[in-house]
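Trainee: I would like to learn how to read helix packing, burial and nonpolar cores from a set of coordinates. Could you take me through one case?

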Amino acid sequence: MLNLIIHNQSEDQKKAVDVIASENIRILEEAKTGENCYADSQGWLDTEEWAGEENIKRLEEIAKEIRENADAFVLIGVGGSNNAARSVIEALRKDDAPEIIYAGNTLSPDAMNRMMKRLEGKSIYIDCIAKNFETLEPGSSFRILRKYMEKTYGEEAGKRIIATGTNVGLLPMAVAGIDISELVKGARDMQIRVHEESAEKNIAYQYACLRNLYYKEGYRVEMLSSFEPQFRFFYKWWIQLFAESEGKDNKGVFPVAGEFSEELHSVGQFIQDGSPIMFETF
């Protein structure tokens, strides 16, 4: 469970947050219900819709087959298409799971050649996560890997190629040996919490109000940090979500991450004594 602890706030700042919170109740309610103009793309807001019992069972069955037959599982995606899965897999994966190999997130010939060499002699499945192939990186990687699969497995290649369009992170997580049913229960608990709590207690809403306050006070950088290396790829996911969502119309807080303890001895110096441009979420 996430807990928000606010330190070093003056009484004026606390009052300012309260004002922002009260003035924007309408936005909170809109966020809970979803805007009608985006109704066809808001299924992810409801765990029952994107990860109900039947969906979870089906994904676990597919993952079981892959775990039994694969040495490696190639996840093709970039940005939001792979960061959620990678943040969980790199933190919690099981040692007896197939190797998870990431593709579709670079145009580097060297990286592609190294990735293809890792596949040699292995039994592999690939999972292509993309809305379409207008995104260059996953599109080009998939074409190279499809050719490899057809050459290696012939007519059986189709059984080893998976395309994922919804609940994109859960299948790779399950292949990595993670209990996605328990993970979804946690997501469901948070969904209920942020929909039922009052504005004064709603952790997501309070966080948004605080960020808005700091933005109005002139802060333009937010650093997410912790002392746990397992969060390394969670940082990358958080950065992608906030930068891609907020970085529009010449607005937004620039997201960065601090992986402590190591970065205490680099950016840590800037946090303590550098120019006052950032606030830190720990």
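Mentor: What follows goes from the whole chain to a helix pair, a single residue and the cores. This is a predicted model, in which local features need pLDDT of at least 70 and side-chain atom pairs count only at pLDDT 80 or more, while totals for chains, interfaces and linings use all residues. Residues are numbered from 1 along each chain as its sequence is written, and side-chain values use heavy atoms, with hydrogens and water left out.

Trainee: How many helices and strands does the chain have, and how are they defined?

Mentor: The chain comes to 12 helices and 7 strands, where helices (H or I, at least four residues) and strands (E, at least two) are DSSP runs numbered from the N terminus. Of its 282 residues, 38% count as buried, a term that means under 20% relative accessible area, against over 50% for exposed and partly exposed in between (1.4 Å probe, protein chains only).

Trainee: How should I read the packing of H1 and H10?

Mentor: Two packed helices are described by the angle between their axes and the distance between the axes. Here the axes of H1 (residues 11-23) and H10 come within 9 Å and cross at roughly 115°; axes are lines fitted to C-alpha atoms, for helices over the stretch in contact, and angles run from 0 to 180 degrees between N-to-C directions. Contact itself means heavy atoms within 4.5 Å, and among the residues that meet are Ala 16, Val 17 and Ile 20 in H1 with Cys 209, Leu 210 and Leu 213 in H10.

Trainee: Is Arg 211 in H10 buried or exposed, and what does Arg 211 touch?

Mentor: Arg 211 lies in H10 (residues 203-216) and is buried because its relative accessible area is 7%. Leaving aside residues up to four places away in sequence, Arg 211 touches Glu 222, Phe 242, Glu 246, Val 253 and Phe 279.

Trainee: Which residues touch the most other members of the largest nonpolar core?

Mentor: In soluble globular proteins, nonpolar side chains tend to be buried together. A nonpolar core is a set of buried Ala, Val, Leu, Ile, Met, Phe, Trp, Tyr and Cys residues joined through side-chain atoms within 4.5 Å; in the largest, with 25 residues, Phe 73, Ile 89 and Leu 170 touch the most other members. The largest share of this core, 5 residues, comes from H8. A second, separate core of 18 residues includes Ala 72, Ile 76, Ile 101 and Ile 126.
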